[in-house]
Amino acid sequence: MRHTPASTGTTKNMTMHDEPPIEEPGHTSRFAALRSPATARWVKLISIGLIIIGLLLIAQALPTGQWMQALVGWVQQLGPLGPIIYIGVYAMATVLMLPAWPLSVAAGMIFGLWLGSLVVLVGATSGAAGAFLIGRYLARRTVEKNLRHYPRFAAVDRAVGEGGWKIVALLRLSPAVPFNLQNYLYGLTAIRFWPCILATAVAMLPGIFLYVYLGFAGRATLEAGAVERGPGQWALMIVGLVATVAVTVYVTRLARRAIREQTPLEEVDPTEEERDAMNTEQAVNNPWKGAAIAAGVAFIVLFGAACAQLQPQWFVNLVGGPPAVAMAEAYEPRPGGPGFDHAPFDAILQQHVNDNGGVDYAAIAADPEPLRQYNASLAQAPFDAMGRDEKLALLINAYNSFTLELMIDWLDRPGINGIRDIPESQRWDAERWNIGGHVWSLNQIEHEQIRPKFREPDIHWALVCAAVGCPPLHAEAYTADRLDEQLRDQARIAHTDGSRWLRYDRERGVIHLTALYNWYGSDFEQVAGSVLDYAAKYHAPLKADLEADRRPRVQWLDYDWALNNQENLP
């Protein structure tokens, strides 16, 4: 007979499915800890640290210093309009509630510490003023509607009404309320325009100075190869950065403490409905959202860093620009060692290249066999057994000769007017050129066989990529016994004042240099310390000015990719 429990008693014999689950002690607390805002903050901080490390690894593999110099040069070309335009862009970003701190860092890189701080201060203050006026006069109803569900609006309104500009200053110093949100919020309070804007300008200074200093220090680091800095200078810069961070953190903590003591902002606990209503506060109210975004960005950046370190040439080709290399002398002289006869190439150059480096491509194409035979003979060159100068002369001649053959292969095809019209896979990356049994692309010849294995930046005046912007094609083949003389002659041509490679305006203190100095700046810096010091080797007025401690501003000349034929270079 089945047992039936008494109607008034408590059931003793429950089945397994009727029993409540047994919760292990600490089980819930462990998962709660993993979901806590504190854990999210740690994930975000670690992700940011990984992002910084990844960006540094990527910057190491790229000609970042040259790109930064190009950006600085472009802004400097604008003259007084440069800072004005930057202020306008910064103000617009502030009004649109976009993150402006990247612009602050960039200002330090472009304008330097003091002018950069001034530019950011004016831009941020102008943007704050614009948002204040929009919130108060132009779009008051829209702003009120969007801020109605903001949980701290009433507290801020009351605090500003009682404390005026002092509360504005404290809130600007503290992250209690997002900066861009404050700009519109104050337009709805009782505070007057000028007290609000002046308090904003003064209170923003610590944060502005910190971000601008980061950009300024970053630029100094990238230019470390261009300007010799002693240990004292580096120590001073590091101490300045640490002091700036410390002061900013200290001031922020003081402001937060004052806010807790003087306002009810810290006591406001937003409801779930309020959290969903305010998009601008989502990252604060849901810390895991920001942590997830940071972790995702960190993964992408670290993947890019791995590509940059493991496959630097592929990564550089992907983002554009030549790879940075560490130049060194990889070969010893070998007196009496094997050489190579470049007389056939010499005859081709003397017949088809004029005094300005213009090439008669039509004539070469009409009788291509001499060029093709010379290029085919390069496969039999005793490259591995050659000495230093024989190798370099061979590589330079091969690069220039292969480029001539590449052009005559393509010039009769529709739409091909210059080397950049050739499909990329068939141009500088095509592995089709044989030197001594090694099959390389033109990029491999330049970036893997010449630049890192010969400490000789003057090769950039000898390698000609079939463009007017290149130095002129030398109307004779390079030879080991005259190589140094020939390279110096090419360098002097490329440093002729008023040419398409160099123009020096001494009165304005501006020197215009070929983009080759921009793209391959690190090569020249490794030998001379800076691009200017290298150029001064071949330009007496510039050398005199540098010795007198008058360093001109550098601006880059546009690179002319038109074909270097005799029509363009008569």
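These legends describe three close-up views of a predicted model. Residues are numbered from 1 along each chain as its sequence is written, and side-chain values use heavy atoms, with hydrogens and water left out. Local features need pLDDT of at least 70 and side-chain atom pairs count only at pLDDT 80 or more, while totals for chains, interfaces and linings use all residues.

**View A. Buried and exposed residues of helix 17 (residues 343-352)**.
Phe 345, Asp 346, Ile 348, Leu 349 and His 352 are buried in this helix (buried: under 20% relative accessible area; exposed: over 50%; partly exposed: in between; 1.4 Å probe, protein chains only). Seen down the axis of helix 17, the buried residues fall within an arc of 160 degrees, so they line one face of the helix; the arc is that of the directions from the helix axis to the C-beta atoms. Gln 350 and Gln 351 are exposed, on the face turned away from the buried side. The cover over the buried residues includes helix 18 (361-366), helix 19 (369-377) and helix 20 (388-410), where contact means heavy atoms within 4.5 Å. Helices (H or I, at least four residues) and strands (E, at least two) are DSSP runs, numbered from the N terminus.

**View B. Positive phi at Met 97**.
Met 97 is found in the loop between helix 4 (81-95) and helix 5 (101-111). Phi of this non-glycine residue is near 60 degrees. Met 97 is partly exposed, at a relative accessible area of 32%.

**View C. Positive phi at Asp 549**.
The loop between helix 26 (540-547) and strand 5 (553-556) holds Asp 549. Asp 549, also a residue other than glycine, has a phi near 65 degrees. Its relative accessible area is 66%, and Asp 549 is exposed.
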